[in-house]
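Hi,

Here's the structure I promised to pass on. Have a look at it first, and then read on for what turned up.

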Amino acid sequence: MTKPQLLTETEYLESTSNVERKKYLQKIKILENLYFQGAQTNTEICDRYNISSPTSIRLLNQLIEEAWVKKDGVGKSAGGRKPDLYGLREKSFYIIGIQLVKFKIKMAIFDNHNNKIAEFEDLPFEIEAELSIADHLYEQTNALLEKSGIDIEKLLGIGISMPGLVSSKEGKNFTYFLNEEEPESLEEVLKRKLGKPVFILNDAKSACLAESNFGLAKHKKNVLVISMDWGIGLGILIEGKMHQGSSGFAGEFGHNPLIDDGILCYCGKRGCLETVASGMALARMAKEGIKAGESSILSKFSEKDVEKLQPQTIIDAANKGDQFAINILSQVGINLGKGIAILIQLFNPELIILEGKFAEAKQFITTPIQQSINTYCMAQLREKTTISLSNLGGDSVLLGSVAMVMKNIFKNQILKANNI
Ligand SMILES: [Zn+2]
C-alpha cells in the first residue's frame, strides 16, 4: 500500500483499520496545530491533544519520515536540556488566495509558512460590469500557477474573497455576478475546472480570519476588524470565534442609515454610513472640493483624472502633508468614529483593528476616529478598547482567503476520519 497523502486523500481512510485511522486523525491534528500555531515542542503537542509523550514522538517521527515535519530549533527550557521544536517542513503545500476588489483582482500563491511564492497584483477588472467571473479566474489561476512553477500536486485549494453579500455555505455572492442562467455556483464551477477545493468568503470576514489567525487578534477573544477600502466592512470576533449570522451576512455595518436626509447609497437606501465614511465618500469629497476650487496637490489633476480619483491617491497626498487631503480624511474618520462608537457599545471589544487601504493613512484616520469615540462612547467601555492598524502589510484579505482554505481542509479531513 502506498503512503497516504495527508490533507488530500480520503479513500485510504475507508480501507484501513481503526487503529490506523486514529493515527491518521492525530497526525492531521498535529499538522493543523503546527500550521496555525507555528513550531511546537513535543510537550506542547501532548498537552494540547492529551496524548502520551511516546505516542506523540512516534507520530512526529512518522511525519518527519513522510517529509511533512522537521526539527525546527529548540524551545524554552524550564531547567535542563532545551526541548526540540517541531515545525512544518518548507514547501510541504501551497494555497492560492484571491481577492476581488472594485476595480482589480489580486491573487497570490502562499506556501505553508505564508511566504508569497508568486502574485498578480493589479489584474484589471470591474466588479459591477461582470455577470460571471469563473472563466476569467480559471485562466488567471492557471497563468499564476505556471509563473510560480510549483508542483500542482502540492496545491491544496483556492480561497476567494470578495465584497458583497457572500454565502460561504452556498458558495455564492448575492450582490455581484448574478447570472441567473448559471445553474452552478462560482465555487462549484471553479472546483470542477481546477480539480481542487474552492471556498469563497466576504472580504471583511476574510480580513477578520487573517487577523485572528496570523495578526494582532491572535490569542484575543473579542475583536472587531474594520476593513476600509472603497467600502467599509466589519468582521466580528466573539469569544474567539468569528460571528457569521444566520445567513452568513452579519457585519453589514456600512449600510446602516445613520445620516438624516443623506445621499443615495448604491444599496438603494439613503444616508448609509458608507456614503460618508468610505473610500467612495473620500473620492466624492475630493472631487467636490477640487471643483469648488480648494487648493491641493490634487487640484493639478485634469478634469478626467479627477473623475477617476482613487482613495489611494488622496491618502498618498495626505501622507505628503496636503492640507485638503488631511481635512477630508479627518471628516471621514469622524463619521466612521461615530459608527464605531455604536459598535463599541454593542460589542465591548478589547481591540479594534483597522485594515485595508485606509490603514496607510495612519494617524490621519486613527486620530479623528479616536476623537469621535471619545465624544460618543461611554467612558467605561471606551477605556477598555484599543484601536490598532493591521500589521499584515495590506495582505489581510489574501491571507484570510488562505486561512479559510486551510480551516476547511483540516475540518473536512477530521470529519471524514471521525465519521467512517
Ligand atoms: Zn447602503
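Let's start with the metal site: along the chain, the donors of the zinc ion follow the spacing H-x9-C-x1-C-x4-C. Keep in mind that this is a predicted model.

The residues behind that pattern are H255, which binds through ND1, plus C265, C267 and C272, each through SG. Their distances to the zinc ion run from 2.1 to 2.3 Å. As for the geometry, the angles among the 4 donor atoms are 105 to 119 degrees, and the site is tetrahedral.

Two of the cysteines are worth a look for how much of them shows at the surface. C265 counts as buried because its relative accessibility is 6%, under the 20% cut-off. C267 comes out at 35% relative accessibility, so that one counts as partly exposed.

There's also a greasy spot to check if you rotate the model: L258, I342 and L346 make a nonpolar surface patch of about 280 Å². Of these, L346 sits in helix α11, which covers residues 323-347. L346 counts as exposed, because its relative accessibility is 61% and the cut-off is over 50%.

Finally, the overall layout. The domain assignment splits the protein chain into domain 1 (10-88), domain 2 (94-206 + 397-419) and domain 3 (216-391). Note that domain 2 is written as two segments. Between the C-alpha centres of domain 1 and domain 3 there are 43 Å.

Shout if you'd like to go through any of it together.

Cheers

Notes
Residues are numbered from 1 along each chain as its sequence is written. This is a predicted model: local features need pLDDT of at least 70, side-chain atom pairs count only at pLDDT 80 or more; totals for chains, interfaces and linings use all residues. Side-chain values use heavy atoms; hydrogens and water are left out. Donors are N, O and S atoms within 2.8 Å of the metal (3.2 Å for Na, K and Ca); water is not among the atoms, so sites may look incomplete. Four donors count as tetrahedral if all angles lie between 85 and 135 degrees; four count as square planar and six as octahedral if opposite donors are over 155 degrees apart and all others between 65 and 115; anything else is irregular. Buried means under 20% relative accessible area, exposed over 50%, partly exposed in between (1.4 Å probe, protein chains only). Patches are made of residues with over 30% relative accessible area and no salt bridge: like charges are joined within 9 Å, nonpolar side chains (Val, Leu, Ile, Met, Phe, Trp, Tyr) within 5 Å. Accessible areas come from the Shrake-Rupley method with a 1.4 Å probe; for residues, only the protein chains shown count as cover. A salt bridge is a side-chain nitrogen of Lys or Arg within 4 Å of a carboxyl oxygen of Asp or Glu. Helices (H or I, at least four residues) and strands (E, at least two) are DSSP runs, numbered from the N terminus. Domain bounds come from an automatic or database domain assignment.
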